[in-house]
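User: I would like to go through this model step by step, from the overall form down to single residues. Please give the reasoning with each answer.

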Amino acid sequence: GVSATSPETYAWLLGSTHRVNVSSPIPIGSDARYVWVSWSDGGTIEHEFVADADMTLTASFQKQFRSRVAPNPAGVEVLVDNASFTDAASFWWDDGSVHWVEAPSPQYVAADRRYIWVSWSDGGTQAHAVSADRAINVTATFVREDSILITTDPGSLEYRFDGVGYQGPRTFWLSPGTYHSVYTPSLQAGTP
């Protein structure tokens, strides 16, 4: 029942019973903490023991860092260790542990709308490992694209889209607000 900061030395009567307990987690600022892992005698976080000989009782802790992974915009899917999240997610990861982040792309939200992955804020590839040797805050950025279907009547006529020649119906995915050029020659060879 007495609080103390380790290390502490006590002289107890042989055969006496005592209770030990530690706080867990123990914050280290806002983005790091220590969590209790074990006692050297195998006891639970709070337990009794008998002082039947000279002994050293050690509480072991694991350092953890807070990590945040988010999609931008919210609502688009990111994977963290193969679990899906569509909004910012926060994790406590053990110091030095390695985790997998991934930005699936493309992601269709309607038949004519999708999101394409552009970048991770840490500069990583579309799917990559991150090491929790510090607090991590990574965001996957996506851009919206809407589809446009270009057809001709009859369907086999040629046209140019953004300077590239095509023939027949084709769907193009475009970012909103962007400008594009469409051109078709007025005279084309073919069968009537």
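**Charge, form and local geometry**

Analyst: To begin with charge, the protein carries 11 positive and 21 negative side chains. The centres of these two sets are 9 Å apart. The model is a predicted one.

User: How many helices and how many strands does the secondary structure of the protein have?

Analyst: Strands are counted here as runs of at least two residues and helices as runs of at least four. On that basis the protein comes to 0 helices and 17 strands.

User: Is the protein spread out or a compact globule, and what is its radius of gyration?

Analyst: For 192 residues the globule rule gives 16 Å. The value for the protein is well over that, so the protein is more spread out than a compact globule. Along the principal axes, its C-alpha atoms fill a box of roughly 110 × 25 × 20 Å. The radius of gyration is 31 Å.

User: What percentage of the 192 residues count as buried?

Analyst: A residue is buried if its relative accessible area is under 20%. The accessible surface of the protein comes to about 12300 Å², and 52% of it belongs to carbon and sulfur atoms. The share of the 192 residues that count as buried is 28%.

User: Among contacts between residues at least 6 apart in sequence, what share joins residues at least 24 apart?

Analyst: A contact here requires heavy atoms within 4.5 Å. Of the contacts in the protein between residues at least 6 apart, the share that joins residues at least 24 apart is 56%.

User: What is the strand order in the open sheet of 3 strands?

Analyst: Strands β14 (residues 158-161) and β15 (residues 164-167) pair in the antiparallel sense over 4 bridges. The edge strands of the sheet are β15 and β17 (182-183), each of which pairs on one side only. The pairing in this sheet is antiparallel, and the order is β15-β14-β17.

User: Which residue in β15 is the bridge partner of Phe161?

Analyst: Arg160 stands opposite Gly165 in β15. For Phe161, the bridge partner in β15 is Val164.

User: Which residue in the hairpin of β14 and β15 takes a positive phi?

Analyst: This hairpin has 2 residues between its strands. In the loop between β14 and β15 lies a residue other than glycine whose phi is near 50°. That residue counts as partly exposed, at 38% relative accessibility. Its name is Asp162.

User: Where is Asp81 placed, and is it buried or exposed?

Analyst: Asp81 is not a glycine, yet it has a positive phi of about 50°. The residue sits in the loop between β6 (78-80) and β7 (83-85). With a relative accessible area of 38%, Asp81 is partly exposed.

User: What is omega for the cis peptide bond that joins Ser6 and Pro7?

Analyst: Pro7 is in the segment before β1 (16-21). The cis bond from Ser6 to Pro7 has an omega of about -5°.

User: Which residue precedes Pro25 across a cis peptide bond?

Analyst: Pro25 is found in the loop between β1 and β2 (26-27). The peptide bond that leads to Pro25 is cis, with omega near 0°. That bond starts from Ser24.

Methods:
Residues are numbered from 1 along each chain as its sequence is written. This is a predicted model: local features need pLDDT of at least 70, side-chain atom pairs count only at pLDDT 80 or more; totals for chains, interfaces and linings use all residues. Side-chain values use heavy atoms; hydrogens and water are left out. The radius of gyration is taken over C-alpha atoms; the globule rule is 2.2 Å times the number of residues to the power 0.38. Buried means under 20% relative accessible area, exposed over 50%, partly exposed in between (1.4 Å probe, protein chains only). Accessible areas come from the Shrake-Rupley method with a 1.4 Å probe; for residues, only the protein chains shown count as cover. Lys and Arg count as positive and Asp and Glu as negative; His and the chain ends are not counted. The place of a charge is taken as NZ of Lys, CZ of Arg, CG of Asp or CD of Glu. Two strands pair if DSSP finds at least two bridges between them.
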